[in-house]
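Biologist: I'd like to learn how to read a fold like this one step by step. Could you walk me through it?

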Amino acid sequence: MERRPTILTVDEVARYLRVHSMTVYRLIQRGELPALRVGRSWRFKKDQLSQWLQEREINAHRDGARPTSARPSRRLKPRGRR
């Protein structure tokens, strides 16, 4: 019996990665996330997403890099007197 890959939608990927759906679209736009275009929609193979996550984890540990979601906080400009 042939095992078919599990196919996910953008919303399902967002829940799987625990990010907002706009983050998924941004990752697609940058070419960072493995995705398939079906008509006007995007689809994802769950096994490729798992592999993508594993590769990012390995690269982050090897390179000593911070995860992309851990951005430094923006410093606010001091407010002048009114």
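Biologist: Let's start with the basics: how many helices and strands does the protein have?

Modeller: Keep in mind that this is a predicted model. The protein has 3 helices and 3 strands. Reading from the N terminus, the elements run β-α-α-β-β-α.

Biologist: And the strands, in what order do they sit in the sheet?

Modeller: The 3 strands make an open sheet with the order 1-3-2 and antiparallel pairing. Strand 1 (7-8) and strand 2 are at the edges with a single partner strand each, so one side of each has no neighbour in the sheet. Strand 2 and strand 3 (residues 41-45) run antiparallel and are joined by 3 bridges. One pairing to look up is Val-38, whose bridge partner in strand 3 is Ser-41.

Biologist: Which residues is Trp-42 in contact with, beyond its neighbours within four places in sequence?

Modeller: Trp-42 lies in strand 3. Leaving those neighbours aside, its contacts are Leu-8, Thr-9, Val-10, Tyr-25, Ile-28, Ala-35, Leu-36 and Arg-37. Take Thr-9: it is 33 residues from Trp-42 in sequence, yet the two C-alpha atoms are 6.4 Å apart. Trp-42 counts as partly exposed, at 21% relative accessibility; the cut-off for buried is under 20%.

Biologist: Now the interior. Which residues form the largest nonpolar core?

Modeller: The general idea is that nonpolar side chains tend to be buried together in soluble globular proteins. Here the largest nonpolar core has 12 residues: Leu-8, Val-10, Val-13, Ala-14, Leu-17, Val-24, Leu-27, Ile-28, Leu-33, Phe-44, Leu-49 and Trp-52. Helix 1 (10-17), helix 2 and helix 3 are the elements that give two or more residues to this core. Helix 1 gives the most, with 4 residues.

Biologist: If I click on Leu-33, what is it in contact with, leaving aside its neighbours within four places in sequence?

Modeller: Leu-33 is in contact with Val-13, Val-24, Leu-27, Ile-28, Phe-44, Leu-49 and Trp-52. For the whole protein, buried residues make up 16% of the 82 residues. As for the outside, the accessible surface comes to about 7,800 Å², and 47% of that belongs to carbon and sulfur atoms.

Biologist: How should I read the contacts of the protein by sequence separation?

Modeller: Take the contacts with a separation of 6 or more, and ask what share joins residues 24 or more positions apart. In this protein that share is 47%.

Biologist: Back to the helices. Which residues of helix 2 are buried?

Modeller: First the rule: an α-helix has 3.6 residues a turn, so residues three or four places apart point the same way. In helix 2, the buried residues are Ser-21, Val-24, Leu-27 and Ile-28. Looking down the axis of helix 2, you find these buried residues within an arc of 115°, so they line one face of the helix.

Biologist: What about backbone angles? Where is Arg-18, and what is its phi?

Modeller: As a rule, most residues other than glycine have a negative phi. Arg-18 has a positive phi near 60°, and it isn't a glycine. Its place is in the loop between helix 1 and helix 2, and at 78% relative accessibility Arg-18 is exposed. Gly-31, just after helix 2, also takes a positive phi, of about 80°.

Biologist: Last topic: how many salt bridges does the structure hold?

Modeller: There are 2 salt bridges. The general test is a side-chain nitrogen of Lys or Arg within 4 Å of a carboxyl oxygen of Asp or Glu. Glu-32 pairs with Arg-30, with the closest N and O atoms 3.2 Å apart. Glu-32 is partly exposed, with a relative accessible area of 29%, while Arg-30 is exposed at 52%.

Biologist: How far apart are the closest N and O atoms of Arg-56 and Glu-32, and which parts does that pair tie together?

Modeller: Their closest N and O atoms are 3.8 Å apart. Arg-56 is in helix 3 (residues 46-63) and Glu-32 is in the loop between helix 2 (21-29) and strand 2 (36-38), so the pair ties together parts 24 residues apart in sequence. Arg-56 counts as partly exposed, at 31% relative accessibility. Through shared partners, the salt bridges join Arg-30, Glu-32 and Arg-56 into one network.

Notes: Residues numbered from 1 in each chain as written. Predicted model: local features only at pLDDT ≥ 70, side-chain atom pairs only at ≥ 80, totals over all residues. Heavy atoms only, no water. Buried < 20%, exposed > 50% of the residue type's maximum accessible area, 1.4 Å probe, protein only. Contact = heavy atoms within 4.5 Å. Areas by Shrake-Rupley, 256 points an atom, 1.4 Å probe, with all protein chains shown as cover. Core = buried A, V, L, I, M, F, W, Y, C linked by side-chain atoms within 4.5 Å. Arc of directions from axis to C-beta. Pairing = 2+ DSSP bridges.
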